[in-house]
Amino acid sequence: AEIEINSSIKTGKFSSHLSTDNTSGNFNTRLPLNDEYEIIVKVPKFPQQVLTVSTLQVDSSGALNVYADFTSPDYDKKLEELKISVEEKLKAYRRNFDPKQFQSVYGNARTDMLVFEVQVAAYKFYENFNYNNVKGFPKIIRHTDPDQITRFTMGNYSTYNEAKKLLEKIRKDNLKDAFIIAVYKGEKKQLLQLVQENILK
């Protein structure tokens, strides 16, 4: 987080050394007494939060705790709506896509600037991903998409069949939700789109 502290009564912008507690992850600082402060907390991809704290009635040994919560009911509601939308699209996709037929026709097909990757996980909070589950596999690539979900992928193959071999190994190691994605000219594509848009011929 990026934290800015402003004095409301005495000095305006206030410079203070911030240290981090290695055990709790909390930010710590010392504030002069008999003042009120505005604490601006900035975290990438979230609206900044402005918190207030007063030292008007605190003695020199007192400690104040201030919490910034970067989730909200509105934010969680938007994520839930997005999840439902994605699930509906996936259902429609599965009704129209036959993976066995795709593999038999396009398994070894190659197209310039088209690669196949294996997605192994997706998290709202990327810290929840357990890297121990993928030890011994190709390097994990972590990227956060516009929906603020962080997705973890591995592999970079020019054919579907090459990616399928990796997928089968991953699924044997209990990553049952892994699946193959296509990336064409840097843009994610569903496998069915590769056919519909004549990317694979």
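Two strands count as paired here if DSSP finds at least two bridges between them. Keep that rule at hand for the first stop of this tour through a predicted model.

**Stop 1: the open sheet**

Select β1 (2–7), β2 (13–14), β5 (36–42) and β6 (49–54). These four strands form an open sheet in the order β2-β1-β5-β6, and the pairing is antiparallel. Look next at the edges of the sheet, which are β2 and β6, each of them pairing on one side only. Then narrow the selection to β5 and β6, which pair in the antiparallel sense over six bridges. For a single contact between strands, pick E36 and find its bridge partner in β6, S54. Strands of a sheet pair through backbone hydrogen bonds, so display these bonds to follow the pairing.

**Stop 2: the second largest pocket**

Stay with some of the same strands and turn on a surface. The second largest pocket holds about 1,400 Å³ of space. To centre the view, select I3, G25, N26, F27 and V66, the closest to the pocket's centre of the 43 residues that line it. Elements that give two or more residues to this lining are β1, β4 (27–28), β5, β6 and β8 (140–144). Of these, β8 gives the most, with three residues. Colour the lining by residue class: 24 residues are nonpolar, 13 are polar and six are charged.

**Stop 3: the largest pocket**

Move to the largest pocket, in which about 1,800 Å³ of space lies. Select V86, L90, Q119, R151 and F179, which lie nearest its centre among the 47 lining residues. Now add the helices that each supply at least two residues of the lining: α1 (73–96), α2 (99–106), α3 (160–172) and α4 (191–196). The strands β7 (114–123), β10 (179–184) and β11 (187–189) also each supply at least two. Which element supplies the largest share of this lining? Highlight α1, which contributes 12 residues. With the same colouring by class, this lining shows 23 nonpolar, seven polar and 17 charged residues.

**Stop 4: a salt bridge within α3**

Helix α3 took part in the lining of the largest pocket; return to it and show the side chains of K164 and E168. These side chains meet in a salt bridge, with 3.6 Å from N to O. Both residues lie in α3, four residues apart, about one turn of the helix. Are the two partners buried or exposed? K164 counts as buried because its relative accessibility is 19%, under the 20% cut-off. E168 is partly exposed, with a relative accessible area of 41%.

**Stop 5: a network around K189**

The count of salt bridges comes to three. For the remaining stop, select E187, K189 and E197, which are linked in a network of salt bridges. Start from K189, whose salt bridge with E187 has its closest N and O atoms 3.7 Å apart. K189 also forms a salt bridge with E197, where the closest N and O atoms are 2.8 Å apart. Colour the three residues by accessibility to finish. K189 counts as buried because its relative accessibility is 11%. E187 is partly exposed at 45% relative accessible area, and E197 is partly exposed at 37%.

Technical notes:
Residues are numbered from 1 along each chain as its sequence is written. This is a predicted model: local features need pLDDT of at least 70, side-chain atom pairs count only at pLDDT 80 or more; totals for chains, interfaces and linings use all residues. Side-chain values use heavy atoms; hydrogens and water are left out. On a 1 Å grid over the protein atoms alone, a cavity is a set of points where a 1.4 Å probe fits but cannot get out, and a pocket is an open set with protein on both sides within 12 Å along at least five of seven lines; lining residues have an atom within 4 Å of a point. Grid points are joined across faces, edges and corners, and a volume is the space filled by probe spheres set on the points. Ala, Val, Leu, Ile, Met, Phe, Trp, Tyr, Cys and Pro count as nonpolar, Asp, Glu, Lys and Arg as charged, and the others, Gly among them, as polar. A salt bridge is a side-chain nitrogen of Lys or Arg within 4 Å of a carboxyl oxygen of Asp or Glu. Buried means under 20% relative accessible area, exposed over 50%, partly exposed in between (1.4 Å probe, protein chains only).
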